[in-house]
Amino acid sequence: MAKQKQQQEEELYAQAAGAIGTLAIAAGVLAAIKDKLGLSWPATLALTAGALVALGYGAYKARTGLQRLLAGRRQPVAVLKQQGLQAPAQDTQESTDTVVLPTAMGQLLQRLEAPVESVDSIPHPTGEGHMVRVAAPHTTAAVTRLREAIASELDITQEDVNFARVEGSIRNARMLIGTPYTHIPQLPDLAGLDLDADIPLGYDLWGNILTMPSPIGKHFLVAGETEGGKTSFLKFLAYLFLMAGGRLVIVDGKPDGDYADFREACDYYDNSLTHKGVMGALDYVRDVAEKRGRSKRDGGRPEPMLVIIDEILTFKEDPAEGKEFESALKLTASQVRSARILVACATQHPRDDVISTVIKNNLTVQIAFKVMSRAASRMILGTVPEGVNAELLPASARGTFIIKDPRGVREMRGLFITDDMIQHAVKARLDAVEPNEHAKAVLAAYGNADFLSTEELANALRGCGYDIPDGAQPMGVAVREVIVKGFGAAPDVIQQGPAGARRKGRRKADLLALLART
């Protein structure tokens, strides 16, 4: 209102200045005509007034004709509304070309010259919802690109203007005015989850669960700035695989041990942050794929496997080791697709020296969490429709991401799980495997201990009735034989304990991981 009043005052000042100028010109013209023609003052005044009226009318007609020509012989509804006028209802054919939308949001979008066909209000649990249909041949990008302008008109932040394209349509979008993703849905029932069918992955602005087609045979690139929600997303993915009877291989390239709760249920787990650790994991996965290939020829159908490598920058900091890692990753990704194995790599450094061409070409499902620039968003997602930008993801809703998968490009917020849910799934996996008598004896020997030296385990096994000889060499061989009988293989011997008193032995978690594999 203040802006409109100021504009009206400026127009009045301009009109007053024009009137003064016109009077000055008229006075000069009157004096010239009188002296030139020798007319009386009354006759001169009448002649001049008639000429000015004729010129004014001609200028008015010329201006009106030019406006009609430029506007396609009609005035847009937005212009009429700005002038405080109403569009004529039925006078001419021209009035039917543009329809004034009935809702306030529709009229706002028309004022911003968005090519909208309809805008309807729809219920939303926590905000103001609208269903926007864009006129052909335009797409939803014609409206989503106006996010900043809409926020300015409504005097709100851009984060309060949100769009979600209706799946399967390029012209329909849901619009939310309000804080995004505040309506959190209940986690769907995952009993009987089939990884060969659609899997739940997140939820939209209205709290609807969104899915993606079966992830089997696909590989994921997950990237975004730190604390964006990448680890929570990958933990949820690992949880889905556990619930569906799948297998896990996890290489955590960060020192925080975020995936430690999954360790006992992993076929292979490494948190050493070393080149040797990640290369060993990739070698293991290719070996599994080769064995599965032979099993497949015999009619076998193995369980799906998820391979997580979190923070790939850790394994690329040394240039020579980085090239070796990328070569191994490329080889692994190409060999394991048909073996029902999914590889997911993550980084919080979305740069071209980290997300190289090799990485992008082999990880074909891209997931972008919030980033600090449009360039970083393009680095993760590649070519996307106009207006898709992970820089604009809401900071208030941690875990929101843009996914580019077989269903297209979509924004959603991830589904979260608790540590208790993870521990329950891991325990269920371990309980589902019935250990044989040798495995039971070894686990009983450990009791509540997480680590036993070879000598300590040998003494405990003697108490269970096993004949374990003395002497480092025969004792170690005998202990290993008991472990292999119980678990099918023996984990590597490691050294653990304080400096100066380190002991060689094995971790209970590694034994439980072997048990989970069987």
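# A Guided Tour of the Predicted Model

Begin by selecting Y268, Y269, D492, R507 and D510, which lie nearest the centre of the second largest pocket among the 22 residues that line it. A pocket here is an open set of points on a 1 Å grid over the protein atoms alone, with protein on both sides within 12 Å along at least five of seven lines, and lining residues have an atom within 4 Å of a point. The model is predicted, and local features need pLDDT of at least 70, side-chain atom pairs count only at pLDDT 80 or more, while totals for chains, interfaces and linings use all residues. Residues are numbered from 1 along each chain as its sequence is written, and side-chain values use heavy atoms, with hydrogens and water left out.

**First stop: the second largest pocket**

The space in the second largest pocket comes to about 720 Å³, a volume being the space filled by probe spheres set on grid points joined across faces, edges and corners. Select strand 9 (268–270), helix 8 (275–297) and helix 16 (508–517) next, since each of these elements supplies at least two residues of the lining of the second largest pocket. Helices (H or I, at least four residues) and strands (E, at least two) are DSSP runs, numbered from the N terminus. Helix 16 contributes the most to the lining of the second largest pocket, namely 4 residues. Colour the domains, whose bounds come from an automatic or database domain assignment: domain 3 (199–421) and domain 4 (433–517) each provide at least three residues of the lining of the second largest pocket. By class, the lining of the second largest pocket has 10 nonpolar, 4 polar and 8 charged residues; Ala, Val, Leu, Ile, Met, Phe, Trp, Tyr, Cys and Pro count as nonpolar, Asp, Glu, Lys and Arg as charged, and the others, Gly among them, as polar.

**Second stop: the largest pocket**

The largest pocket has a volume of about 880 Å³. Select T144, F163, G387, V388 and E411, which are the closest to its centre of the 38 residues that line the largest pocket. Then show helix 5 (141–144), helix 6 (147–154), strand 3 (161–165), strand 4 (172–177) and strand 14 (408–414), each of which supplies at least two residues of the lining of the largest pocket. Which strand gives the most to the lining of the largest pocket? Strand 3 does, with 5 residues. Domain 2 (79–177) and domain 3 (199–421) each give at least three residues to the lining of the largest pocket. Colouring that lining by class shows 17 nonpolar, 9 polar and 12 charged residues.

**Third stop: a cavity**

The structure contains 1 cavity of 30 Å³ or more, a cavity being a set of grid points where a 1.4 Å probe fits but cannot get out. To find the largest cavity, select its lining: G229, S232, F233, F369, G399, G414, L415 and F416. The lining of the largest cavity holds 4 nonpolar, 4 polar and no charged residues.

**Fourth stop: helix 11**

Select helix 11 (residues 374–381), where A376, S377, M379, I380 and L381 are buried. Buried means under 20% relative accessible area, exposed over 50%, and partly exposed in between (1.4 Å probe, protein chains only). Add strand 7 (220–223), helix 10 (357–362), strand 12 (365–369) and strand 13 (400–405), which are included in what covers the buried residues of helix 11. Just after helix 11, G382 has a positive phi of about 70 degrees.

**Fifth stop: backbone details in loops**

Move to P137, in the loop between strand 2 (128–134) and helix 5. The peptide bond from A136 to P137 is cis, its omega being near 5 degrees.

E113 is found in the loop between helix 4 (104–111) and strand 1 (116–122). Its phi is positive, near 65 degrees, in a residue other than glycine. Is E113 buried or exposed? E113 is exposed, at a relative accessible area of 71%.

Select E227 next, in the loop between strand 7 and helix 7 (230–243). Although E227 is not a glycine, its phi is positive at about 65 degrees. E227 counts as exposed, with 60% relative accessibility. Add Q348: the C-alpha atoms of E227 and Q348 are separated by 8.6 Å, while the residues are 121 apart along the chain.

**Last stop: the whole chain**

Return to the full view, where the protein chain has 16 helices and 17 strands. Of the 518 residues in the protein chain, 43% are buried.

Note on methods:
Contact = heavy atoms within 4.5 Å.
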